[in-house]
Each structure stands twice: as C-alpha cells, then as structure tokens.
Amino acid sequence: MATKKTETTEALKQLTYLASALKAPRITEAAARLADHARDAGWTHEEYLAAVLDREVAARNASGAQLRIRAAGFGARKTIEEFDWDAQPAVRQQVASLASGGFLTEARNVVLLGPPGTGKTHLATGLGIAAANHGHRVLFATATEWVTRLTDAHQAGRLPQELARLRRYSLIIVDEVGYLPFEQDAANLFFQLVSSRYEHASLILTSNLPFSGWGGVFGDQAVAAAMIDRVVHHADVLTLKGASYRLRNRGIDTLPSIRTQDTAN
C-alpha cells in the first residue's frame, strides 16, 4: 500500500513538472480532481486523458476570450443574454442566429438601425463579445473615434498599413454612425475602411438614421451610396423600433430628433 502511495506521489510530481514545462499548470489540478472519479467510474486511460485535456482546453479558451474582450475596447460589457427582449422581440431570432458567429466566417456585415435608446449599442457589443468567445479578434469604437484613428494614420503616412492591420481583425464595430456629420476628408477615410473590409472581414455598424440620411452625414451622396452598396451587399440589416429605454417611466414618449418612419428606408 505504501509503495502504491509512493508511486502515486511520484507520478503527481512528474505530472506537475510536465505541466509546467508545457505551460499548462491547470492540467495538474484537473488530473488530481478527476483521478478518483476516473477510478470509481472505470474510465479507460484514454478517457481519463481526454477529460483532463478537455478541462485545459476549456480553461485556455475562456482565458483567451477574456483577453480578446478586454482588447476590443468596449465601452461597457453587455451580453446578448442581458438584453431586454420584451422591447425588441422582432429581432430576437435573427440576433440569436448572428450570435453563433456564422456571419464572420462569411465576411458578412450587420447593420443595426433605429432611434436612440433602442438597444443598438447593446446588441452590437453583445455580438462582439460572442465573437470574442468564438475565438475572433474584435475592435469597437464610435464612428468619430474610427475617423480620428484613420486620420492620424493618414497624416503619419501609414494609412495602407493601418487598413491592412485592421483587416486581420475578424470584426470591427462602428458605433453611432450619423450622430455627427463628417467633413469630406473624414468621409473619404471612412469609405476606405469600409472598402478595405469588403468581402474580406466583417463590420457591425449602428446608426440612428435610415440609409437615406447617410448622404447628409458623409456630405456626399455619391460617397454615401458607394459605401452603403458595399456595406449591405453581404449584410443582415436589423431595424429596432420604439421609444428610448432611457425615457421609460418618465412621461416622455419621443425625442425631437426621432421621426416615425421606417429606419431601413
């Protein structure tokens, strides 16, 4: 009995050393935790090894996802599961399908249109977090912040390199398109971002304006039309409706900037 116990102790020491050498220290904990269960359940050596490695892979994936989520730059972490579906039941099934991440492998885009306060940013963030959990690299910023980033790269003479670097991200989220108008140079830079990702990688865009209002945002109907053409060619367009959740129970039904029209027009 003592010999058996000594052998087990030595085996655990060897396992600890090997796990450290592999930079997988969690294997030691999983192996010890599963050992008694494996014996009692009569697992084969292969089943036990598979179970231990499965724990390690799951832990690594979870750790990697958290790193990708932190690196994405979300303003706040809001998941799909936390969304108030009572306010937007019409898009629930479509969002659930998008959350599986299939649109990313097809380099498709997602456009969320609707009045302020209807959940566009929450859904965009939730889809971004889901993408990170699926192993995709994600970047999030407002339209104004993206233009600032592209302007800095252009002025430094490295815009092509920046666009190429951004293409390595499976998903870029552009929040609040239309809240502030762009000058001509900024509109052209934003158009280059959209064009560089066309049929290569995915975009999620949110806007409080219908597509018909984007010409005023970008200051040029031709630029806006070309941009919309590339965005929606391979895209899911979701229209959110209703009053702002921020105004609920405050006796205010609408905001002055909201027009009661179909935002997908």
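This passage looks at the salt bridges in a predicted model and at how exposed their partners are.

The count comes to eight salt bridges in total. Three of the pairs are described here, along with a network.

Take Asp236 and Arg108, whose side chains meet at 3.5 Å, N to O. Asp236 sits in strand S5 (residues 235-239), while Arg108 belongs to the loop between helix H5 (102-105) and strand S1 (109-113), so this salt bridge ties together parts that are 128 residues apart in sequence. As for burial, Asp236 comes out at 19% relative accessible area, and because buried means under 20%, Asp236 counts as buried. Arg108, at 22%, is partly exposed.

Arg149 and Glu162 also pair up, with their closest N and O atoms 2.9 Å apart. Here the link runs from helix H7 (residues 143-155), home of Arg149, to helix H8 (residues 159-166), home of Glu162, so the parts tied together are 13 residues apart in sequence. Glu162 is buried, with just 6% relative accessible area, whereas Arg149 is partly exposed at 28%. This pair doesn't stand alone: Arg149 and Glu162 join Arg158 and Arg165 in a network of salt bridges.

Then there is Arg55 with Asp54, a salt bridge whose closest N and O atoms are 3.9 Å apart. The cut-off is 4 Å, so the pair makes the list. Both partners are partly exposed: Arg55 has a relative accessible area of 35%, and Asp54 reaches 47%.

Technical notes
Residues are numbered from 1 along each chain as its sequence is written. This is a predicted model: local features need pLDDT of at least 70, side-chain atom pairs count only at pLDDT 80 or more; totals for chains, interfaces and linings use all residues. Side-chain values use heavy atoms; hydrogens and water are left out. Buried means under 20% relative accessible area, exposed over 50%, partly exposed in between (1.4 Å probe, protein chains only). Helices (H or I, at least four residues) and strands (E, at least two) are DSSP runs, numbered from the N terminus.
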